[in-house]
Structure formats: structure tokens, C-alpha cells
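User: I am new to reading structures and would like a close look at the interior of this one. Please take me through what is packed inside and where space is left over.

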Amino acid sequence: MKVLVHIDDAERWRDALAERLPNAEVFTSSAPAEKRREADYLAVWKPSAELLGEPERLKGIVNLGAGVDALLGNPGLPTGVPIVKLRDAGMAELIGDYVRYGILHFQRDFDRYRRQQARCDWHEHAVVDKVDWPVGVLGLGAIGAKVAAMVAADGFPVHGWSRSEKSLEGISCHHGEAGLDELLGRVRSLVLLLPDTPATRHVIDAAALAKLPEGATLINPGRGSLIDEAALLDALGPEREGKEDTEGRLRGALLDAFPAEPLPEASPLWRHPRVWVTPHMAGPTPLGAALDQVAEALLAFETGEAIHTVDPEAGY
């Protein structure tokens, strides 16, 4: 079994994967072209179209992340080659911490206190009980389901949404278009953990934002394509100097993912007083857990064991 690794810090991934697969030959994309052509499997993150087309007998691809939109949209992706993606691999707990911070940021009024500090304004806000702060989680895959459970364990009522019907203990589950409308009308914090697919792009548009209760908040550690940014800015309201406390229908947003990354300097999101921007850091991939999944997937490919592969049509 010959495995080509392509990712930042590829040498570290190569060495750790070789320890897990002592009978495999593991090399990086910096290997000579003749070696790259011999690869049976690719373990890659955002490879070039040229790299995808080099192996002459490719049997499978392991995507070194949970999001496969960049890979599926790559013009060099060979047809008919099965793809496996990382599922959670330790990312869910990190994303859960990010989401829990975001919920508390708004529920305990830290956004308002920060703006008050700039004015030396000593003014306390009444605490809203957790039971009165329902949270919506869009996307109940491996990561979304765990994040929803973590938030519920903190005492918040949690509503989850998925395309098809699901049942999760402690979570009020919704599905389909009617279920999405019902969820949007109930929640004070909306968390986005959907994949990037044609069906989910701009799922949070002006119509969706209008269905949220007045003063709702948005947390996006998922994919940047899920949000219509123009509609988001309109819902957030004024961004002019001196208008920091004039909140729009949407009270604030904590955003970790964007259609273009790094977020362009000209983006008004950088400077909006009720937007908090983070550089796609909510769920970094823990190397050990990820490598365990990669090794398991490669062995399953090689031995013909059943393995859950990506559906290119569905996008996940």
C-alpha cells in the first residue's frame, strides 16, 4: 500500500501515519513525480488539481478534514474514486467549546458590557435564565450532534435541525423546510454546523433571518457559504461610528468561517461593532485522533471492509 500525504506539516503527518501503518509506504507530495504516480491512496487537504490527477491507479482518497466542499469542487477530482472524510476526530469537543463560549457571550451580555466599557458606563443587565435561552443547532451529523448534547448539558433548551428526521436524547429535533421554520422562530442563539452543499448555500438569507426572534444571535463555526453576508449585515443594523448600541433585528454574530479566507480586509464584518471574527480556528484537527481515523480508513480500503464514503451528489 502506497500512500501520498498532502497537507500543511505533511512530514509530521507522514511520519505519524507510517508508525500506524508499518507495512505501508507513506510519502508526501514533495516526492518525485514518478513516486507520486505510484500512489494507491491519497490522504490530502485541499490538493491541487494537478496532484489529484497524477496517481495512475488510485483506489481511494481520505480527506483530512470534515469539510469536503473544496475537494468535491476541485476540477482535478477523478470520478469513481471513493472518498472518506474525517468524522469528528476530536474536533467536536473543540467546536463545542467555541459554541458554548459564544452562547454565554450573548446570554450573559458580555457583548453589551464590552461596549459599555468604552464609554465608562457602569450599568448591570438582568440575567436571562438558561432555560429561557433556547439554542438552535443546524446540522446534526457527528459534530453537530455532539455540540448539541454539550449545549444541552449546560442547561440550555436545544433544538436541532437536519434534512431528514433524527432522534437525539435531550434534543428537540426538527427536519425539513417546515421544521426549519419552526426552529428559527424559537431560538435566541442559532448555531450553524451544516456542510457546504448546493442545498445549504445561503440557507441563512434575509427570509431566514427575518424568522428569528428580535434580538437573536448567530454563531457560525461551520461553513462560510451558509450565510448571505449582505442579508446578515442588514439584519445587524447600523455600523456607523456612534451607533454601536443601536442593535438591529439581529443582536450580534460570532463568525469563524467565510466564503473567502482569509477574510478580505475590505469586508465590513471586520469593523462591525456587533460582529466578532475569528480566523477559522473553532475546530482544529487533533493530530492523534485524526491519524487514527486515517489509518482505519486506509486499512478498510485495502481489505475491502465496509466503510462510510462521501456522496458527491449530496456533498457530504
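Analyst: A good place to start is Leu17, which touches Val3, Val5, Val26, Leu291, Val294, Ala295 and Leu298 when residues up to four places away in sequence are not counted; a contact here means heavy atoms within 4.5 Å. Please keep in mind that this is a predicted model, in which local features need pLDDT of at least 70 and side-chain atom pairs count only at pLDDT 80 or more, while totals for chains, interfaces and linings use all residues. Residues are numbered from 1 along each chain as its sequence is written, and side-chain values use heavy atoms, with hydrogens and water left out.

Leu17 and Val5 are the residues with the most contacts inside the largest nonpolar core, which has 48 residues. Strand 1 (2–6), helix 1 (10–20), strand 3 (41–44), helix 5, strand 6, helix 7 and helix 11 (287–303) each supply at least two residues of this core, and helix 11 gives the most, with 8 residues. A second, separate core of 30 residues includes Leu226, Leu250, Phe258 and Leu269. A nonpolar core is a set of buried Ala, Val, Leu, Ile, Met, Phe, Trp, Tyr and Cys residues joined through side-chain atoms within 4.5 Å, where buried means under 20% relative accessible area with a 1.4 Å probe and protein chains only. Helices (H or I, at least four residues) and strands (E, at least two) are DSSP runs, numbered from the N terminus.

Helix 7 shows how one of these elements is packed. Its buried residues are Ile143, Gly144, Ala145, Val147, Ala148, Met150 and Val151, and what covers them includes helix 5 (91–107), strand 6 (135–138) and strand 7 (158–162). Because the expected span is 1.5 Å times one less than the number of residues, the 12 residues of helix 7 (142–153) should span 16 Å, which agrees with the 17 Å between its end C-alpha atoms. Just after helix 7, Gly155 takes a positive phi of about 105 degrees.

Leu218, in strand 10 (residues 216–220), counts as buried because its relative accessibility is 0%. Leaving out residues up to four places away in sequence, Leu218 touches Phe106, Leu190, Leu192, Ile227, Leu232, Leu250, Gly252, Ala253 and Leu254.

As for the space left over, a cavity is a set of points on a 1 Å grid, over the protein atoms alone, where a 1.4 Å probe fits but cannot get out, and lining residues have an atom within 4 Å of a point. Grid points are joined across faces, edges and corners, and a volume is the space filled by probe spheres set on the points. By this rule there are 2 cavities of 30 Å³ or more. The largest cavity has a volume of about 50 Å³, and its lining residues include Trp45, Lys46, Asn63 and Arg223. Helix 4 (residues 69–72) gives the most to that lining, with 3 residues. The second largest cavity holds about 30 Å³ of space and is lined by Asn220, Gly224, Ile227, Glu229, Leu255, Ala257, Phe258 and Pro259. Ile227, which Leu218 touches, is thus among the residues lining this cavity, and so is Phe258, which belongs to the second core.

How values were computed
Buried means under 20% relative accessible area, exposed over 50%, partly exposed in between (1.4 Å probe, protein chains only). On a 1 Å grid over the protein atoms alone, a cavity is a set of points where a 1.4 Å probe fits but cannot get out, and a pocket is an open set with protein on both sides within 12 Å along at least five of seven lines; lining residues have an atom within 4 Å of a point.
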